[in-house]
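The following report describes a two-chain model in terms of its secondary structure, packing and backbone geometry. Cut-offs are stated where each term is introduced.

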Amino acid sequence: MNDLTNTPRTKPRASATFDEYTLSEIRRAAATGIYDIRGAGAKRKLPHFDDLLFLGASMSRYPLEGYREKCSTEVVLGTRFARKPIELKIPITIAGMSFGSLSANAKEALGRGASAMGTSTTTGDGGMTNEERGHSTQLVYQYLPSRYGMNPDDLKRADAIEVVVGQGAKPGGGGMLLGQKITERVAGMRTLPVGIDQRSACRHPDWTGPDDLEIKIEELREITDWEKPIYVKVGAARPYYDTALAVKSGADVVVVDGMQGGTAATQEIFIEHVGIPTLAAVRQAVKALQDLGMHRKVQLIVSGGIRNGADVAKALALGADAVAIGTAALVALGDNDPHWQGEYEKLGTTAGAYDDWHEGRDPAGITTQDPELMKRLDPVAAGRRLANYLAVLTLECQTIARACGKSHVHNLEPEDLVALTIEAAAMANVPLAGTNWIPGSNGNF
Amino acid sequence: MTLSVTQAVLDGAKLVDLSTSSVRELNAALHALAPDSNETFWKVAHPNGRHAIAAGLDADIDIEIDGPVGYYCAGMNKRGRVVINGNAGVGVGENMMSGFIHVKGDASQSAGATAHGGLLVIDGNASARCGISMKGIDIVVKGSVGHLSAFMGQAGSLVVLGDAGEALGDSLYEARLFVRGTVAGLGADCIEKEMRDEHKALLAEKLKAAGILGEVDIGEFRRYGSARTLYHFHVDNVSSY
C-alpha cells in the first residue's frame, strides 16, 4: 500500500475558463435568478488605442517646436446644413449622460469644466435641466427613443441636437433606471410615478430605419429653423453602413461609440458581448465618409475608452474630427476616487472597480440622487478638475501632433501610425510596426 | 422670403399655396409671427403629402390644411389649432405640448406619439402605435386604432370609438384608455378596469372637448389601464416581457 501522505501533490489549478470572476457570477446568478446589471463600459481586455504607436518625425518629417510653434486644436461641427455650427476650442467633447443617472451637481460640474475649456456637454435621457443649460456654454440636446422631457423649447435653446440610435455599451438595447434614482424631480421631468423602475425604450416611437430618419431630421430642422447641427449617434456595430446611412439621412455629424463607452445601467452580458471595440470602428466610419466624399464635410466624433491625449491623437489620426469622453470625465470629477475606499468596501467593491451606478449609492456623489451623497461633490471644484483634465488631454494631443510635424491636430493621419499587434493593424488599417504589412487590407474592410 | 401668401378674400385667412411655396417658407413664416400678430388664421393649399407641415408651431393661431399631409404634421405643436382636411402621415402631432389637431381623414402610425398635452381628434381610423409613449395628450379616435396603441403610455387619455388592435396598452404606465368596440388583445400589464362614475365623467369631458358628447353612449365604453405589476423589475415577471 502506498503512503499517500508523502506523495508529491500538484498545486491547486484554477481554470482559465472558469476564472474567479466567472465562478462568482455563476454563484450570484444561482442565488438571485436575475442577470447582473451595472454601469460603465466593457471591462474586458480589448484591442485598443494602446496597440497603436505614433512614428514621430525623422529624416523625412519635420517636427514643430514644442511650446513655441502653433498647433491648433479648434473644431467646427455641423458645417453641412446647420446655419449655426458649433465651434469648439478643443477636439474633445463631453458625451451624453442624463440628469437622473447623474446628480445635478455632477451635471453642473460637467458644464463648468467643459465650458472653461471651450467645449460642449451633452444631455441624456430625461431631458434638459436649467442648471445644465446655465452652466454649459454649448449644450447638445439628445433626442432619444423615450423622449423623456422632450419639448420644443429645450430643442430651441440647445446648441445642437443628437439623435441617439444607440450607444456603444449596448447597441440595440434600451435602458432601465431603477426606482431608487427616480426622485420627485426626476420623475416629474419624465412624467412617471416616483420610485418606479423606469424603462428607456430601445426603438424610437415614430420612425424606423434610415428613410424615416431622414424625414425625422427634416422635421427637427424645420422646428429649429435649420439652425442647429444635428448629430446621429450609433453604437459601434456596423459602423461602415451605419455611418453611410446616417449621412444619407441628413446628419451633420456622426457619433460612433465603441463598446468601451459607458452606460448608467445595462446587463453585464450585454456590455461585454454586443458591439465592437472603438479601435475597430473608427476606420470603418471614416471609410464610409471617404467613399461618399463626405469626410470632413460630415464630422465624425468617436467615443468609447478615450483616456489620454494619445488616445485623442490616435482617433484623430485615424480620421475622426473630435472625440467624446464620458467615463474619464466622471473619474476626473471624482468617481471611483480612493478617497472613498472605506465606503466602496462597505458596498462590497473597491475604488476603481465600483460600477453599480444604477443603485444610486455612489459614495462620490456623482451617480446618485441621494441629497446627502450629492452634497459630497462640489460642482465648482469638480468642474475645475475636469477643466484641468481636458487641458492635459489637449496638451498631450498637441505634443504628439507637433512631434509628427502637424500645425493642426486634424493634420494627423494614418500614415503617422503603426500597430503593435496584427489585430490592431487589421482593425486600424495601419502597418504592423517594423513592417509595411497591413493585414487583410487591399483597401477593403 | 418668397412665400406665396394670398389674402383669402372671404374669410380673412392668409393662404399659403404649397404648389408654389415650400414647407420651409411656410414654417419660417409661422415661426416668425409676433405674439400680437393679427395673422391668426392661415390656410394651406396643395399640401400633397409634404412632411413637417406646421411643425414647431408656437402661436395661438388657426391653420386649416386642405388636403393630405405627410409625416409629422404639426409636430411639437404648442397652442396652435390645426385642422387637416385629409389624411395624415406618420406621427401627426408627435410630441405635441398643447393646442388642438383635428384630422378629418385617417391617420398613419404613431399618431400623437410621446405628446405631452393638447387634444388630437381623428375622424377616421388611426394605424398602429397610436398614442405610443403618450405623456399627457388626449387622443380621440372616431374609428379604430391599430396594434400596440398607447404602448408605454405614461399619461393622458386615449379614447377609441371603434375597435383596438393587438397588444393595446402594452407596458402601460398611467395613461387611461377607453374603447367602445372590441379589443383584439391587451399588451403586457394592461388590464380592463372598472368604469366608475369618475371615469365616466372623465370620458365625457374628453368627448365634449372633441365635440361629440351626446353622440355616443358612454355606457358602451370599457376602461383599460396599467396593472402596475411591471413597475418594479422582478425575475418572476420575466415571462411578461
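## Helix α2 of chain A and its surroundings

The buried residues of α2(A) pack against β5 (92-94), β6 (121-122), α3 (130-135), α11 (327-333), α13 (371-374) and α14 of chain A. Contact here requires C-beta atoms, placed from the backbone, within 7 Å of each other. A residue is buried if 20 or more other C-beta atoms lie within 10 Å of its own, exposed if 12 or fewer, and partly exposed in between, with C-beta atoms placed from the backbone. Helices (H or I, at least four residues) and strands (E, at least two) are DSSP runs numbered from the N terminus.

This is a predicted model, in which local features need pLDDT of at least 70 and side-chain atom pairs count only at pLDDT 80 or more, while totals for chains, interfaces and linings use all residues. Residues are numbered from 1 along each chain as its sequence is written, and chains are lettered from A and ligands numbered from 1 in the order in which they are written.

Helix α2 covers residues 104-116 of chain A; its 13 residues reach 18 Å from the first C-alpha to the last, close to the 18 Å expected at 1.5 Å a residue. That expected span is 1.5 Å times one less than the number of residues in the helix. The helix is mostly covered, with 11 of its 13 residues buried. Among the buried residues are Lys107(A), Glu108(A) and Arg112(A), together with Leu110(A). Just after the helix, Gly118(A) takes a positive phi of about 75 degrees.

## The parallel sheet of chain A

Chain A contains an open sheet of 8 strands in the order β5-β15-β14-β12-β11-β8-β7-β6, with parallel pairing. Its edge strands are β5 and β6, each of which pairs on one side only. Two strands count as paired if DSSP finds at least two bridges between them.

Strand β8 (residues 160-164) of chain A runs parallel to β11 (residues 230-235) of chain A and is joined to that strand by 4 bridges. Here Ile161(A) stands opposite Ile230(A). In turn, β11(A) and β12(A) pair in the parallel sense over 5 bridges, and Gly235(A) stands opposite Asp257(A).

Strand β12 (residues 253-257) of chain A is largely enclosed by the rest of the structure, because 5 of its 5 residues are buried. In a regular strand the side chains alternate between the two faces of the sheet. On one side of β12(A), Val253(A), Val255(A) and Asp257(A) are buried, and on the other Val254(A) and Val256(A) are buried, so that both faces are covered.

## Nonpolar core

A nonpolar core is a set of buried Ala, Val, Leu, Ile, Met, Phe, Trp, Tyr and Cys residues joined through C-beta atoms within 7 Å. The largest one has 197 residues, of which Val254(A) and Val323(A) touch the most other members. Helix α14 (residues 379-403) of chain A contributes the largest share, 9 residues. Leaving aside neighbours within four places in sequence, the contacts of Val254(A) include Val232(A), Ala285(A), Val298(A) and Leu300(A).

## Chain B and the interface

Chain B has 2 helices and 12 strands. Its 241 residues give a radius of gyration of 19 Å, which agrees with the value near 18 Å for a compact globule. The radius is taken over C-alpha atoms, and the globule rule is 2.2 Å times the number of residues to the power 0.38. Along its principal axes, the C-alpha trace of chain B spans about 60 × 40 × 30 Å. Buried residues make up 52% of the chain.

At the interface, 22 residues of chain A are in contact with 38 residues of chain B. Helix α6 (residues 209-223) gives the most to the chain A side, with 5 residues.

Most residues other than glycine have a negative phi, and most peptide bonds are trans. Two residues of chain B with positive phi are listed below.

| Residue | Phi | Loop | C-beta neighbours inside 10 Å | Class |
|---|---|---|---|---|
| Asn48(B) | near 50 degrees | between β3 (41-45) and β4 (62-66) | 13 | partly exposed |
| Arg129(B) | near 60 degrees | between β7 (119-122) and β8 (135-141) | 26 | buried |

Note on methods
Contact = placed C-beta atoms within 7 Å.
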